[in-house]
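The questions below take up some of the terms used for this model and ask what stands behind each of them. The answers set the computed values against the cut-offs.

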Amino acid sequence: MSESVRSFSPMMALYPLWQWLVFVPVAVLATLVGASLAVPTALLVSPRLANIYIAVPWCHVLAFFAPVRVDVEGLEHVDRDQSYVVVANHQSQFDIPVIYGFCGLDLRWVMKAELGKVPFIAQGCQAIGHIFVDRSDPDQARSAINRAVGRLKQGTGILFFAEGTRSRSGQLLAFKKGAFRVAIDQQMPILPMTVVGTRDVMPADSIRIRPGRTRLVIHPPIETEGMGIEDLRALRDRVRTTIGSALEPLDGP
């Protein structure tokens, strides 16, 4: 929404009031209610139902009240009965609601262990089946991920931010090998996704939110069947090139 935000600039001076008086209270309330519903739903009924009917609407609430427009391209590449290793770039904390809420998949994501200490978010994520890993111990992380992947039901994807951290410049960083090792170990197809525009909505290392327009590009899946560890580097380079191909800036409203 770059052009429309600029044309709306007289009101942007008042936007912090909306952020702190409306968006933040709504986000906190939605998180508390969502986590309170997600835990019993996941434990007593189904993690998939908790994900699709509680966590995904939570993402939509955040986008609506920011407000952030999410344009999705490539939904035809998603087979909801297929499990994927989803690999995406990482520009902002707002990448989570954009991908999680609008990609059309039942997703679990790999997150740093420190988030497992955040009240309500931690309990909801653990109940649904998101995966906490210690990034300082790659062997432990890979073992935890492979165990979790082995328990996934068909049609559930696992999300990796392959850069390992948010890009402060917006440029695509080098990709870590973890997602590709898991895809090869499990012989699961990789579904590349490119997120564009979230850095303008919520910059890295900032709690400032701005209304805006984002785009989620879902690329054709890349098969890993028959690949071995010797193919890891070429696979990683291919996925990085694919994701980077859609990183042009957003133009127009």
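Q: Are D106 and R108 buried or exposed?

A: In this predicted model, both D106 and R108 are buried, and that word is used for a relative accessible area under 20%.

Q: What makes the pair D106 and R108 a salt bridge?

A: The closest N and O atoms of D106 and R108 are 2.6 Å apart, and a salt bridge requires a side-chain nitrogen of Lys or Arg within 4 Å of a carboxyl oxygen of Asp or Glu, so the pair qualifies.

Q: How do you know that R168 and D205 form a salt bridge, and where in the chain do the two residues lie?

A: The side chains of R168 and D205 meet at 2.8 Å, N to O, and because the limit is 4 Å, the pair counts as a salt bridge. This pair links distant parts of the chain, with R168 in the loop between β5 (156–161) and α8 (178–186) and D205 in the loop between α9 (198–201) and β7 (212–218), 37 residues apart.

Q: Why is R168 called partly exposed, whereas D205 is called exposed?

A: R168 has a relative accessible area of 41%, which lies between the 20% and 50% cut-offs, so R168 is partly exposed. D205 stands at 57% relative accessibility, and because exposed means over 50%, D205 is placed in that class.

Q: What is notable about the phi of D205?

A: Phi of D205 is near 60 degrees, a positive value in a residue other than glycine. Most residues other than glycine have a negative phi.

Q: Which other residue has a positive phi although it is not a glycine, and where is that residue found?

A: Q187 has a positive phi of about 55 degrees and is not a glycine, and Q187 is found in the loop between α8 and β6. At 34% relative accessibility, Q187 falls between the cut-offs of 20% and 50% and therefore counts as partly exposed.

Q: What makes R181 and D185 a salt bridge, and how are they placed in their helix?

A: The closest N and O atoms of R181 and D185 are 3.4 Å apart, which is within the 4 Å limit, so the pair is counted as a salt bridge. Both residues lie in helix α8, four residues apart, about one turn of the helix.

Q: Why are R181 and D185 called partly exposed?

A: R181 has 25% relative accessibility and D185 has a relative accessible area of 38%; both values lie between 20% and 50%, and therefore both residues are partly exposed.

Q: How many salt bridges does the structure hold?

A: The structure holds seven salt bridges.

Q: How do you know that D95 has no salt bridge?

A: The nearest side chain of opposite charge to D95 is that of R166, at 7.4 Å, and because a salt bridge needs a distance within 4 Å, D95 is left without one although it is buried. The side chain of D95, which belongs to helix α5 (residues 95–102), does reach the backbone nitrogen of S92 at 3.0 Å. Leaving aside neighbours within four places in sequence, D95 is in contact with N89, H90, F161, V195 and T198.

Q: Why is L191 called buried, and what surrounds L191?

A: L191 has a relative accessible area of 0%, and because buried means under 20%, L191 meets the criterion. This residue is found in strand β6 (residues 190–196), and its contacts beyond four places in sequence include H77, V78, Y84, L105, I218 and P220. L191 and H77 are 114 residues apart in sequence and 8.5 Å apart in space, C-alpha to C-alpha.

Q: What makes the bond between A66 and P67 stand out?

A: A66 and P67 are joined by a cis peptide bond with an omega of about -15 degrees, and P67 is found in the loop between α4 (47–65) and β1 (68–73). Most peptide bonds are trans.

Q: How do you know that the radius of gyration of the chain agrees with that of a compact globule?

A: A compact globule of 253 residues would have a radius of gyration near 18 Å, and the chain has 18 Å, which is why the two agree. The chain contains 10 helices and seven strands, and 49% of its 253 residues count as buried.

Methods
Residues numbered from 1 in each chain as written. Predicted model: local features only at pLDDT ≥ 70, side-chain atom pairs only at ≥ 80, totals over all residues. Heavy atoms only, no water. Buried < 20%, exposed > 50% of the residue type's maximum accessible area, 1.4 Å probe, protein only. Lys, Arg positive; Asp, Glu negative; His and termini not counted. Polar contact = N/O pair within 3.5 Å; in protein donor to acceptor, adjacent residues only side chain to side chain. Contact = heavy atoms within 4.5 Å. Rg over C-alpha atoms; globule rule 2.2 N^0.38 Å.
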